[in-house]
Amino acid sequence: MTTRAAALERAKHWGPLWLGGVLVVVIIGGLAVLPARTWMSQRTATAQAESQLHQVNGRIAELEAQLTLLQTDAEVERMARENFDLVKPGEESYRILPAPTQD
């Protein structure tokens with residue numbers, strides 16, 4: 001057999017095997033895309049959930065601080081004076097109205 005004939009014989013033998021190997025690699029690569037896409041999606045969802053958790057924990061801390069403040073007599077008195085115009089015995093409350101506007 002000549003060199004050229006031997007090369008053609010090898011190509012006939014290895015050609016389909018090489019093509020099959022390429023197909024196997026492509027299929028395996030394609031199957032790997034789906035889990036990778038799911039993994040990336042889950043990472044994004046986890047990051048968003050952690051951000052929301054951080055915001056909620058911050059709000060909880062604010063509310064706990066407000067609760068602690070509302071349990072003091074000074075804050076209760078301040079709110080009663082400010083919101084309900086309450087006064088202590090012997091004190092007088094005045095309210096100054098704005099001047100009437102002339103239309």
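**Close-up views of a two-helix chain**

**View 1. Glu75, a buried residue in helix α2**. With a relative accessibility of 12%, Glu75 counts as buried; here buried means under 20% relative accessible area, exposed means over 50%, and partly exposed lies in between, using a 1.4 Å probe and protein chains only. This is a predicted model, in which local features need pLDDT of at least 70 and side-chain atom pairs count only at pLDDT 80 or more, while totals for chains, interfaces and linings use all residues. Residues are numbered from 1 along each chain as its sequence is written, and side-chain values use heavy atoms, leaving out hydrogens and water. The side chains of Glu75 and Arg78 are joined by a polar contact of 2.5 Å. A polar contact is a pair of N or O atoms within 3.5 Å; within protein, one must be able to donate a hydrogen and the other to accept it, and residues adjacent in sequence count only if both atoms are side-chain atoms. Setting aside neighbours within four places in sequence, Glu75 is in contact with Leu69 and Leu70, where contact means heavy atoms within 4.5 Å.

**View 2. Helix α2 from end to end**. The chain has two helices and zero strands; helices (H or I, at least four residues) and strands (E, at least two) are DSSP runs, numbered from the N terminus. Helix α2 covers residues 73–84, twelve residues in total. From first C-alpha to last, α2 reaches 16 Å, close to the 16 Å expected at 1.5 Å a residue; the expected span is 1.5 Å times one less than the number of residues. After α2 comes Asp85, whose phi is positive, near 55°.

**View 3. Salt bridges within helix α2**. A salt bridge is a side-chain nitrogen of Lys or Arg within 4 Å of a carboxyl oxygen of Asp or Glu, and by this rule the count is seven. Arg78 pairs with Glu82, their closest N and O atoms being 2.7 Å apart. Arg78 is partly exposed at 38%, whereas Glu82 is exposed at 54%. Arg81 pairs with Glu77, with the closest N and O atoms 3.1 Å apart. Arg81 and Glu77 are four residues apart in α2, about one turn of the helix. Why do such spacings suit a pairing along a helix? An α-helix has 3.6 residues a turn, so residues three or four places apart point the same way. Glu77 and Arg81 also belong to a network of salt bridges with Lys88 and Glu91.

**View 4. A salt bridge in helix α1**. Arg59 and Glu62 form a salt bridge whose closest N and O atoms are 3.2 Å apart. These two residues are three residues apart in helix α1 (residues 3–70), about one helical turn. Arg59 is partly exposed, at 46% relative accessible area, and Glu62 is partly exposed too, at 48%.

**View 5. A nonpolar patch that includes Leu19**. Trp18, Leu19, Val22, Leu23, Val26, Ile27 and Leu31 make a nonpolar surface patch of about 740 Å². Patches are made of residues with over 30% relative accessible area and no salt bridge; like charges are joined within 9 Å, and nonpolar side chains (Val, Leu, Ile, Met, Phe, Trp, Tyr) within 5 Å. Leu19 sits in helix α1 and is partly exposed, at 49%. Areas come from the Shrake-Rupley method with a 1.4 Å probe; for residues, only the protein chains shown count as cover.
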